[in-house]
Amino acid sequence: MALEIRPICAEDKPEWAKLWTGYLAFYQTELPEEVFDSTFSRLLSDNPHDFNGLIAVLNGKPVGLTHYLFHRHGWKIENTCYLQDLWAEPDVRGHGIGRALIEAVYAEADKAGAPSVYWLTQEDNLPARQLYDRVGKLTPFIKYQRP
């Protein structure tokens with residue numbers, strides 16, 4: 001099993017779109033094409049306030065992705081890293097793809113001097129939470145958002 005985690009590049013757009021569509025479907029969400037275009041453009045941007053993206057390639061086939069960004073934090077001098085999206089194709093789960101993507105984000109955060117990485121998931125996403133309990137620490141915070 002040859003697994004490569006690398007930054008998303010322009011040539012990845014068709015495969016990235018398939019992966020991200022699977023991720024969005026998991027969360028019962030659909031987005032218009034202009035959001036796909038905007039998000040992908042931001043993933044390729046050099047703007048430090050835009051998203052970054054990594055893709056997992058297993059035996060030459062893209063099978064997972066993650067999107068993350070760095071932002072300021074009122075309680076810290078250093079930036080913090082928000083891991084917004086994480087997805088591995090269902091047929092490759094249990095083979096370390098999600099863990100490898102998270103660890104790659106940890107490495108990018110370390111390179112950027114951001115000691116904190118955080119993410120959210122749905123409470124009932126039990127398979128993902130089994131991984132998250134091994135690579136992260138559950139916090140007591142509850143998310144609220146504007147209605």
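Author: Two parts are in contact when heavy atoms of one lie within 4.5 Å of heavy atoms of the other. By that rule, the buried residues of α2 pack against α1, β2 and β3. The model is predicted.

Reader: Which residues of α2 are the buried ones?

Author: F36, T39, F40 and L43 are buried in α2.

Reader: What makes them lie on the same side of α2?

Author: The arc they cover around the axis is only 95°, and that puts them on the same side of α2.

Reader: How does the length of α2 compare with what is expected at 1.5 Å a residue?

Author: The helix has twelve residues, and its first and last C-alpha atoms are 17 Å apart, close to the expected 16 Å.

Reader: How do you know that the span of α1 agrees with its number of residues?

Author: Helix α1 runs over residues 13-26, which is 14 residues. The expected span is 1.5 Å times one less than the number of residues. For α1 that comes to 20 Å, and the end C-alpha atoms are 20 Å apart, so the two values agree.

Reader: Which residues of α1 are buried, and what covers them?

Author: The buried residues in α1 are W16, L19, W20, Y23 and L24. They cover an arc of only 140° around the axis, so they are on the same side of α1. Their cover includes α2 (33-44), β2, β3 and β4. On the face turned away from the buried side, α1 carries the exposed residues P14 and K18.

Reader: What makes the 24 residues a nonpolar core?

Author: A nonpolar core takes buried residues of certain kinds, Ile and Leu among them, that are joined through side-chain atoms within 4.5 Å. The largest such set here has 24 residues, and I97 and I102 have the most contacts inside it. At least two residues of this core come from each of β2 (52-58), β3 (61-71), β4 (80-88), α3 (97-111) and α4 (126-135). Helix α3 gives the largest share, six residues. Another core, of 16 residues, lies apart from it and includes Y23, L24, F51 and I55. In soluble globular proteins, nonpolar side chains tend to be buried together.

Reader: Which residues does I102 touch?

Author: Not counting residues up to four places away in sequence, I102 touches L83, L86, W119, L131, Y132 and V135.

Reader: Why is T66 called buried?

Author: Buried means under 20% relative accessible area. T66 has 0%, so T66 is buried. This residue lies in strand β3. Leaving aside neighbours within four places in sequence, T66 is in contact with N52, G53, L54, L83, D85, L86, L101 and V105. A polar atom of the T66 side chain is 2.8 Å from the backbone oxygen of D85. A polar contact needs a pair of N or O atoms within 3.5 Å.

Reader: Why is N125 called buried?

Author: Its relative accessible area is 7%, and the limit is under 20%, so N125 is buried. N125 sits in the loop between β5 (117-118) and α4. Apart from neighbours within four places in sequence, N125 is in contact with F26 and Y27.

Reader: Why does the pair of N125 and Y27 count as a polar contact?

Author: The two side chains come to 3.4 Å. The limit for such a pair is within 3.5 Å, so the distance fits.

Reader: What is the sign of phi at Q28 and at N59?

Author: Phi of Q28 is near 50°, a positive value in a residue other than glycine. Phi of N59 is also near 50° and positive, again in a residue other than glycine. Most residues other than glycine have a negative phi. Q28 is in the loop between α1 and α2, and N59 is in the loop between β2 and β3.

Reader: Why are Q28 and N59 called exposed?

Author: Exposed means over 50% relative accessible area. Q28 has 76%, so Q28 is exposed. N59 has 55%, so N59 is exposed too.

Reader: How many disulfides does the structure hold?

Author: Zero. A disulfide calls for a pair of cysteine sulfur atoms within 2.5 Å.

Reader: Are C9 and C81 buried, partly exposed or exposed?

Author: C9 has a relative accessible area of 27%, which lies between the limits of 20% and 50%, so C9 is partly exposed. C81 has 0%, so C81 is buried.

Key:
Residues are numbered from 1 along each chain as its sequence is written. This is a predicted model: local features need pLDDT of at least 70, side-chain atom pairs count only at pLDDT 80 or more; totals for chains, interfaces and linings use all residues. Side-chain values use heavy atoms; hydrogens and water are left out. Buried means under 20% relative accessible area, exposed over 50%, partly exposed in between (1.4 Å probe, protein chains only). Helices (H or I, at least four residues) and strands (E, at least two) are DSSP runs, numbered from the N terminus. The arc is that of the directions from the helix axis to the C-beta atoms. A polar contact is a pair of N or O atoms within 3.5 Å; within protein, one must be able to donate a hydrogen and the other to accept it, and residues adjacent in sequence count only if both atoms are side-chain atoms.
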